[in-house]
Amino acid sequence: MGKSTACASYVARHPSVLHTSAGALLQAAKNIDSAILRTDVAGNVLQNQNLLGEALRHFRLGRETSDVLIDAHSVIDNDHELIEVPVDAVRAMSPDGLVLLEAPPELVMERRRKDTRLRPSRTAEELQFQTGVARRVCESYASELALPLEIGTVMHDGDLEVLIQRMISRRRIS
């Protein structure tokens, strides 16, 4: 189970929660395929992230009071380099909290072998490095935006329920 599956599972149990992905938001905003968005040159990938706030507002039209679970990455591997999503792109979406799901590199490699989508080929060491960068970037978002951050490991049976409940509890305490 990956993060997209974990998100879908969560919203299936919580039908009042809306669900989308950063990729879907950008696809709608730019009207181009997500693979093209991901593999573009770094400057364009970064520029696209600036569209997320407005794209999310458009997605929520008429449902502004609903909670939204957004499946997103803090770093993007465009096949050539690792691009950190700027904190301003996250800030523009006005999040109430963050949940980071991590997976062992071997599991990521296994999933990518089975995935029909075009994915960069990475070694276990490269994936482990990317996981560390993603964590550091998420921790910086949480710190700079004063948001609760919950970190969990998604294995074959990953579940967001506990992580989201802890994040909501921390949000209420703060």
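Leaving aside neighbours within four places in sequence, which residues is Gln-130 in contact with? Exercise 4 answers this. The model is predicted: local features need pLDDT of at least 70, side-chain atom pairs count only at pLDDT 80 or more, and totals for chains, interfaces and linings use all residues. Residues are numbered from 1 along each chain as its sequence is written, and side-chain values use heavy atoms, with hydrogens and water left out.

**Exercise 1. The whole chain**

Task: Describe the fold by its elements, its extent and its burial.

Solution:
- Step 1. Take the elements. The chain has nine helices and six strands. These are DSSP runs numbered from the N terminus: helices are H or I with at least four residues, strands E with at least two.
- Step 2. Take the extent. The C-alpha trace spans about 40 × 35 × 30 Å along its principal axes.
- Step 3. Test the globule rule, which is 2.2 Å times the number of residues to the power 0.38, with the radius of gyration taken over C-alpha atoms. For 174 residues, a compact globule would have a radius near 16 Å; the chain has 16 Å, so the two agree.
- Step 4. Take burial. Of the 174 residues, 39% count as buried. Buried means under 20% relative accessible area, exposed over 50%, and partly exposed in between (1.4 Å probe, protein chains only).
- Step 5. Take contact range. Contact means heavy atoms within 4.5 Å. Among contacts between residues at least 6 apart in sequence, 70% join residues at least 24 apart.

**Exercise 2. H2 against H5**

Task: Give the crossing geometry of H2 and H5, then the make-up of their contact.

Solution:
- Step 1. Fit the axes. They are lines through C-alpha atoms, for helices over the stretch in contact, and angles run from 0 to 180 degrees between N-to-C directions.
- Step 2. Read the pair. The axes of H2 and H5 (residues 52-59) come within 9 Å and cross at roughly 90°.
- Step 3. Classify. Angles under 35 degrees count as roughly parallel, over 145 as roughly antiparallel, 65 to 115 as roughly perpendicular and the rest as oblique. H2 and H5 are therefore roughly perpendicular.
- Step 4. List the residues. H2 brings Ala-22, Leu-25, Leu-26 and Ala-29; H5 brings Leu-52, Ala-55, Leu-56 and Phe-59.
- Step 5. Sort by class. The contact of H2 with H5 has eight nonpolar, no polar and no charged residues. Nonpolar covers Ala, Val, Leu, Ile, Met, Phe, Trp, Tyr, Cys and Pro; charged covers Asp, Glu, Lys and Arg; the others, Gly among them, are polar.

**Exercise 3. H7 against H8**

Task: Repeat the analysis for H7 and H8, and add the handedness.

Solution:
- Step 1. The axes of H7 (residues 105-114) and H8 (residues 124-145) come within 9 Å and cross at roughly 110°.
- Step 2. H7 and H8 are therefore roughly perpendicular to each other.
- Step 3. H7 passes H8 in a right-handed crossing. A crossing is right-handed if the near helix is turned clockwise from the far one by less than a right angle, and left-handed if anticlockwise.
- Step 4. Pro-105, Glu-106, Val-108, Met-109 and Arg-112 of H7 meet Ala-124, Leu-127 and Gln-128 of H8.
- Step 5. The contact of H7 with H8 has five nonpolar, one polar and two charged residues.

**Exercise 4. Three buried residues**

Task: Place Gln-130, Ile-76 and Met-93, and list their contacts beyond four places in sequence.

Solution:
- Step 1. Gln-130 lies in H8. Gln-130 is buried, at 13% relative accessible area. Its contacts are Val-75, Asp-77, Leu-82 and Arg-122. The C-alpha atoms of Gln-130 and Leu-82 are 7.7 Å apart, across 48 residues of chain.
- Step 2. Ile-76 sits in strand S3 (residues 75-77). Ile-76 is buried at 14%. Ile-76 touches Arg-38, Val-45, Gln-49, Glu-81, Leu-82, Ile-83 and Val-85.
- Step 3. Met-93 belongs to the loop between H6 (87-91) and S5 (98-102). Met-93 is buried at 15%. Met-93 touches Leu-52, Gly-53, Leu-56 and Ile-70.

**Exercise 5. Positive phi**

Task: Locate Asn-31 and Ala-146, and decide: buried or exposed?

Solution:
- Step 1. Phi of Asn-31 is near 55°, a positive value in a residue other than glycine. Asn-31 is in the loop between H2 (22-30) and H3 (34-39). At 68% relative accessibility, Asn-31 is exposed.
- Step 2. Phi of Ala-146 is near 55°, positive in a residue other than glycine. Ala-146 is in the loop between H8 and S6 (149-153). Ala-146 is exposed at 66%.
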